[in-house]
Amino acid sequence: MFDFEYYAPTKVEFGKNSLATLPALLREQGAKKVLIHYGGGSAERSGLLDKVRAAVKEAGCEAAELGGVQPNPRLSLVKKGIELCQREGVDFLLAVGGGSVIDSAKAIGYALASGGEVWDFYERKRKPSGCTPVGVVLTLAAAGSEMSNSSVITKESEGGDIKRSCNCEYARPRFAIMDPTLTFTLPPYQTACGCTDILMHTMERYFTSGGNMQLTDALAEGLMRTVIANARVAMAKPDDYSARAEIMWSGSVSHNGLTGCGNGGGDWAVHDIEHELSGLYDVAHGAGLAAIWPSWARYVYKDCLGRFYNFAVHVMGVRPCGTREEVARDGISAFESFLKSIGMPTGLNALGVRPTDGEYKFMAERCAATGGGKKGSAKVLYAADIEAILRMAGDV
Ligand code: NZQ
Ligand code: ZN
């Protein structure tokens, strides 16, 4: 087991009616002026925003509002939020939504606390020196941003939009209100994208060249089995509370670091390749991950055979007959079938993306460059490897 730091300071209020805790949480944080930040309309339509507005008032706080956060949140709206918060004297950011809204709030928070050009943090030119406190009312179990240290923002650019992350401990939300009933209204596609992303956050931590991690592996395998089983239930019955609750808690645990303790940092190649893809083509993050993973897995599994074997047997229920390579390959196929069964694309064609030769090269080179020329842990990948994986995905 490698040395590690585990830091999960977010206070979680989980369950039906957990929104009732919002006034007390805001008072506990000493919030005076709150930015209510939200997306494109789902929170307004469900009536959630009105409840949030009332709770902010009950806490004795003033409020400003900024809606319109798009999936794959844009830098331009972040900048609008920064100006608004500076003008209004906002001291607390309340994200009401999924990963995109939370990440947009974190970006605003970096700029308010650290000053200067906010994109510098995403280009890793400098590090934030703080973040205005962020609280979350979660409406979508997926990105895990409600407990993560990460924010992912897309910068609009004429030569192709650029999607980059900034990981920094200041950004971990102070609290997260998680009421699984708020996710009943999710369209099936978003439920499936969310479950895929949750699985991938643990899979990126699981498929590494790291050594022995008995407890971490057991947690990771348990989480993956839980999400696969409950994704099937939630797809068939969107208002199944128990399934939604299991998925929601899995989403947070999958990306708060617990399923990677001792792994030496994880792999993250699939995520980094996907960020190039959704930067260029604006696809849903979870669907982009699904479209790449099977090709990535088939490209790297021989270099990480023990873990692919364990995944096949302990997570996908493959019978351990035949060679270790055969079992590992059966595990990959079983996971691919699961993705298809919940309506996820397992290649670029089904994702609706057909890159040109130049675009394959562009994405591969840009992805490798963000890692100093290479990516990955299960197998170290250079630009040529990444291009090969993308082309494999493009053939499916
Ligand atoms: O905008 P509205 O109308 O609210 O609709 C949203 C949006 O269209 C809808 N939605 C959310 N809650 C709903 C709902 N629809 C009905 N009922 C509800 N209860 O869902 C759509 C997608 O929302 P979004 O926030 O974009 O999804 P997600 O949570 O998957 O976030 C994706 C973003 O997070 C980033 C991704 O790259 C992507 O930009 N990630 C962030 C991470 C982090 N900060 O730690 C880690 C991840 O790996 C990921 O990269
Ligand atoms: Zn993700």
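Asp217 is buried, with a relative accessible area of 13%, which puts this residue under the 20% limit for that class. The structure is a predicted model. The points below cover the surroundings of Asp217, an open parallel sheet with two helices packed against it, a zinc site and the contacts of ligand 1.

**Asp217**
- Asp217 sits in helix H8, which spans residues 214-236.
- Apart from neighbours within four places in sequence, the residues in contact with Asp217 are Tyr206 and Arg307.

**The sheet**
- An open sheet is built from 6 strands, ordered E1-E8-E5-E4-E2-E3, and their pairing is parallel.
- Strand E1 (11-14) and strand E3 (62-66) are at the edges; each has a single partner strand, so one side of each has no neighbour in the sheet.
- On average, neighbouring strands of this sheet are turned by 20° against each other, with direction ignored.
- Inside the sheet, strand E2 (residues 33-38) is paired with strand E4 (residues 92-97) in the parallel sense, over 5 bridges.
- Within this pairing, Val34 has Phe92 of E4 as its bridge partner.

**Helices on the sheet**
- Helix H3, residues 48-58, lies across E2, E3, E4 and strand E5 (134-138).
- The direction of H3 is at about 170° to E2.
- Helix H4, residues 75-88, also packs on the sheet, where it touches E2, E3 and E4.
- The direction of H4 makes about 160° with that of E3.

**Zinc site**
- Four protein residues supply donors to the zinc ion (ligand 2): Asp197 through OD, and His201, His271 and His285 through NE2.
- These donors lie 2.0 to 2.2 Å from the zinc ion.
- Along the chain, the donors follow the spacing D-x3-H-x69-H-x13-H.
- Asp197 and His201 both belong to helix H7 (residues 188-206); because they are 4 residues apart there, about one helical turn separates them.
- Asp197 and His201 are both buried.

**Ligand 1**
- Ligand 1 is surrounded by 32 residues, and the closest are Gly40, Ser42, Gly99, Ser100 and Ser148.
- A polar backbone atom of Gly99 is 2.7 Å from an oxygen atom of ligand 1.
- In the case of Lys163, a polar side-chain atom lies 2.8 Å from an oxygen atom of ligand 1.
- His201 has an N or O atom in its side chain 2.7 Å from an oxygen atom of ligand 1.
- His201 is thus named at both sites: its NE2 is a donor of the zinc ion, and its side chain has the contact with ligand 1 given above.

How values were computed:
Residues numbered from 1 in each chain as written. Chains lettered and ligands numbered in written order. Predicted model: local features only at pLDDT ≥ 70, side-chain atom pairs only at ≥ 80, totals over all residues. Heavy atoms only, no water. Buried < 20%, exposed > 50% of the residue type's maximum accessible area, 1.4 Å probe, protein only. Contact = heavy atoms within 4.5 Å. Pairing = 2+ DSSP bridges. Axes fitted to C-alpha atoms, helices over the stretch in contact; angles between N-to-C directions. Donors = N, O, S within 2.8 Å, 3.2 Å for Na, K, Ca; no water. Near = heavy atom within 4 Å. Polar contact = N/O pair within 3.5 Å; in protein donor to acceptor, adjacent residues only side chain to side chain.
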